[in-house]
Amino acid sequence: QERLKLLYRFIDENYQRKIEISEVASLCHMTEAAFCRYFKKATKMTFTDFLNQYRINQAKKMLLLDKNVTETCFECGFESLSYFNRTFKKVTSENPLAFKKRYARS
């Protein structure tokens, strides 16, 4: 549990930048393979899926605060707009612009 708390805090403080699995594995004093197994067992998600989900949740908050999609994409740690759009749609079932417009109306 302490290890997961440490990871969550690390992600919360660093999600805006590129996070390598080797970096979080060493933070937990584990090999990359052991870390991936541990993380999947503890969260039922891969680390990358978890990180993307976290970033998309942050992106949703930013879009609701009227940030534009491109700005939001890079502020949330995504390195490409197309990957951000694809990931956003995978997590929320709609693209970022549609999400923003739907909540702007309501």
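Reader: What share of the contacts in the chain with a separation of 6 or more is accounted for by residues 24 or more positions apart?

Author: The model is a predicted one. Among contacts in the chain with a separation of 6 or more, those between residues 24 or more positions apart account for 50%.

Reader: Which secondary structure elements does the chain contain, and in what order do they run from the N terminus?

Author: The chain has zero strands and seven helices. From the N terminus on, the order is therefore that of helices alone under the DSSP assignment, and the elements run α-α-α-α-α-α-α.

Reader: What percentage of the residues in the chain is buried?

Author: A residue counts as buried when its relative accessible area is under 20%. The chain has 106 residues, and the buried ones make up 37%.

Reader: How much area does the chain expose, and what part of it do carbon and sulfur atoms supply?

Author: The C-alpha trace spans about 45 × 25 × 20 Å along its principal axes. The exposed area of the chain is about 6700 Å², and the part supplied by carbon and sulfur atoms is 54%.

Reader: How far apart do the centres of the positive and negative side chains lie?

Author: The chain has 20 positive side chains and 12 negative ones. The distance between the centres of the two sets is 7 Å.

Reader: How are helix 4 and helix 6 oriented to each other, and which residues of helix 6 make the contact?

Author: The axes of helix 4 (residues 47–64) and helix 6 (residues 81–92) come within 10 Å and cross at roughly 95 degrees. Because angles of 65 to 115 degrees count as roughly perpendicular, helix 4 is roughly perpendicular to helix 6. On the helix 4 side the contact involves Asp 49, Asn 52, Gln 53, Ile 56, Ala 59, Lys 60 and Leu 63. On the helix 6 side it is made by Tyr 83, Phe 84, Thr 87, Phe 88, Lys 90, Val 91 and Thr 92.

Reader: At roughly what angle do the axes of helix 1 and helix 3 cross, and which residues of helix 3 meet helix 1?

Author: The axes of helix 1 (residues 2–14) and helix 3 (residues 32–43) come within 12 Å and cross at roughly 95 degrees, so the two helices are roughly perpendicular to each other. Helix 1 contributes Arg 3, Leu 4, Leu 7 and Tyr 8. The residues they meet in helix 3 are Phe 35, Tyr 38, Phe 39, Ala 42 and Thr 43.

Reader: Is Lys 100 buried or exposed, and which residues does it touch?

Author: Lys 100 lies in helix 7 (residues 96–105). Its relative accessible area is 17%, so Lys 100 is buried. Not counting residues up to four places away in sequence, Lys 100 touches Leu 63, Asp 66, Lys 67 and Asn 68.

Reader: What is the phi of Asp 66, and where is this residue found?

Author: Most residues other than glycine have a negative phi. Asp 66 counts as exposed, at 61% relative accessibility. Its phi is positive, near 70 degrees, and Asp 66 is found in the loop between helix 4 and helix 5 (69–75).

Reader: What is the relative accessible area of His 29, which also has a positive phi?

Author: His 29 is not a glycine, yet its phi is about 60 degrees. His 29 is found in the loop between helix 2 (21–27) and helix 3. His 29 is exposed because its relative accessible area exceeds the cut-off of 50%, with a value of 73%.

Reader: Why does Cys 36 count as partly exposed?

Author: Cys 36 lies in helix 3. Values between 20% and 50% count as partly exposed, so Cys 36 belongs there with a relative accessible area of 34%.

Note on methods: Residues are numbered from 1 along each chain as its sequence is written. This is a predicted model: local features need pLDDT of at least 70, side-chain atom pairs count only at pLDDT 80 or more; totals for chains, interfaces and linings use all residues. Side-chain values use heavy atoms; hydrogens and water are left out. Helices (H or I, at least four residues) and strands (E, at least two) are DSSP runs, numbered from the N terminus. Buried means under 20% relative accessible area, exposed over 50%, partly exposed in between (1.4 Å probe, protein chains only). Contact means heavy atoms within 4.5 Å. Accessible areas come from the Shrake-Rupley method with a 1.4 Å probe; for residues, only the protein chains shown count as cover. Lys and Arg count as positive and Asp and Glu as negative; His and the chain ends are not counted. The place of a charge is taken as NZ of Lys, CZ of Arg, CG of Asp or CD of Glu. Axes are lines fitted to C-alpha atoms, for helices over the stretch in contact, and angles run from 0 to 180 degrees between N-to-C directions. Angles under 35 degrees count as roughly parallel, over 145 as roughly antiparallel, 65 to 115 as roughly perpendicular and the rest as oblique.
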